[in-house]
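Q: Please take a close look at one part of this model, the place where the chains meet, and set it in the context of the chains around it.

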Amino acid sequence: MKLLFAISLSLFSLSSFAVVNGHLYPFDNDVDKERFDILAEDLRCPKCQNQNLADSYAPVAGDMRDKVYELMIEGQSDDEIVTYLVDRYGDFVRYNPPVQENTFFLWFAPGVMVLIALIMIISLARGRKETQPLSEEEKAKLAELQAARKQQSVEKSEKRDS
Amino acid sequence: MNRTMLFIPLIIFVVMAIFLGSGIGRENKDVLPSPLIGKPFPQFILQQVETEKQLTQSDLQGKPMLVNVWATWCPTCKAEHEFLNTLAAQGVRIIGINYKDDDDEAKVWLRDYGNPYEFNISDPKGKLGLELGVYGAPETFFVDGDGIIRAKHVGDLNLRVWQKYKAIFEKMKTHTEAADFNEGSK
């Protein structure tokens with residue numbers, strides 16, 4: 001039992017594994033294992049479109065995972081691996097789409113909308129502060145109305161008193 | 001304050017609703033655009049299903065052809081098989097890629113249901129399929145005489161689908177310039 005424990009412990013110290021859907025992808029260091037896990041999460045399965053390569057049970061996702069592993073063992077960089085798959089399956093396989101002509105709207109529309117909203121809020125707030133002073137004519141009218149009202153209330157109180 | 005400003009959110013809402021609304025239904029989730037269109041057929045060295053002879057991409061040249069990815073485990077492939085037989089009888093050149101399948105089972109299939117293929121490339125591990133960006137059989141690539149991929153169809157071929165691609169196929173016989181395919185293959 002002790003021996004078994006020692007063996008399994010030494011196994012873990014020697015290498016790290018990425019386990020995806022029961023498949024074992026052994027790596028000789030944690031950095032590569034981490035890279036593999038991140039790539040498998042960032043790449044999208046073309047068959048079952050709401051899943052990434054780490055989630056999907058589709059056979060094609062398994063093939064793509066194996067290819068990612070193979071290319072990593074060959075020593076290719078993350079960018080090279082993503083480019084390899086994009087060249088064959090299209091930009092579709094990226095959950096993180098590149099900034100290019102047909103994705104400008106996707107990338108910048110939210111910012112533009114926030115900007116428009118900000119401009120509107122500022123202009124509305126400013127509009128509220130800038131109340132125009134009354135013109136002479138309006139002042140006269142106001143005075144007249146106030147006088148009439150005063151008169152009215154005086155009359156009312158007199159009526160109540162009598 | 002300008003009162004018309006108050007209408008800006010409404011206007012933005014209406015514009016976006018029209019824009020996004022028109023996009024719904026236009027996207028066909030089953031058909032992803034292939035980045036391989038206009039590119040040469042990928043390199044490969046694989047065996048022929050029938051004779052175990054070695055085949056490479058240079059065998060896919062000469063006369064325009066359909067390269068059909070199929071498998072015996074794929075029900076839709078069975079559905080389209082009869083139509084492929086019809087096309088072959090009309091003189092359309094069809095090459096098969098037997099995708100992630102067993103050669104012996106493929107031979108039985110071809111004996112039982114007829115063989116529309118000039119020859120079949122054996123791709124048991126799906127390696128060529130990966131090079132082609134295959135994600136679900138059946139898929140059909142339209143390859144011209146120079147070995148350039150001009151169009152791709154995902155799903156079964158039938159008369160209705162064939163009508164759509166017929167113009168491209170006819171063009172592949174006479175045209176070789178990429179510009180000739182720009183409007184057709186999109």
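A: Of the 186 residues in chain B of this predicted model, 33% count as buried. Chain B is built from 5 helices and 7 strands, and along its sequence these elements follow the order α-β-β-β-α-β-α-β-α-β-β-α. Many of its contacts span long stretches of sequence: where the two residues are at least 6 apart, 70% of the contacts in chain B join residues at least 24 apart.

The meeting of the chains involves 15 residues of chain A, which are in contact with 14 residues of chain B. On the side of chain A that touches chain B, at least two residues each are supplied by helix H3 (59-73), helix H4 (78-89) and helix H5 (104-129) of chain A. The largest share of that side comes from H4(A), with 4 residues. By character, the residues of chain A on this side comprise 6 nonpolar, 4 polar and 5 charged.

The nonpolar core offers a second view of the structure. The largest such core has 52 residues, and the residues with the most contacts inside it are A:Phe36 and A:Val68 together with B:Phe142 and B:Val143. H3(A) gives this core its largest share, 6 residues. For A:Val68, the contacts beyond its neighbours within four places in sequence are with A:Phe36, A:Leu39, A:Ala40 and A:Ile81. One of these partners, A:Phe36, is also listed among the residues with the most contacts inside the core.

Note on methods
Residues are numbered from 1 along each chain as its sequence is written. Chains are lettered from A and ligands numbered from 1 in the order in which they are written. This is a predicted model: local features need pLDDT of at least 70, side-chain atom pairs count only at pLDDT 80 or more; totals for chains, interfaces and linings use all residues. Two residues are in contact if their C-beta atoms, placed from the backbone, lie within 7 Å. Ala, Val, Leu, Ile, Met, Phe, Trp, Tyr, Cys and Pro count as nonpolar, Asp, Glu, Lys and Arg as charged, and the others, Gly among them, as polar. A residue is buried if 20 or more other C-beta atoms lie within 10 Å of its own, exposed if 12 or fewer, and partly exposed in between; C-beta atoms are placed from the backbone. A nonpolar core is a set of buried Ala, Val, Leu, Ile, Met, Phe, Trp, Tyr and Cys residues joined through C-beta atoms within 7 Å.
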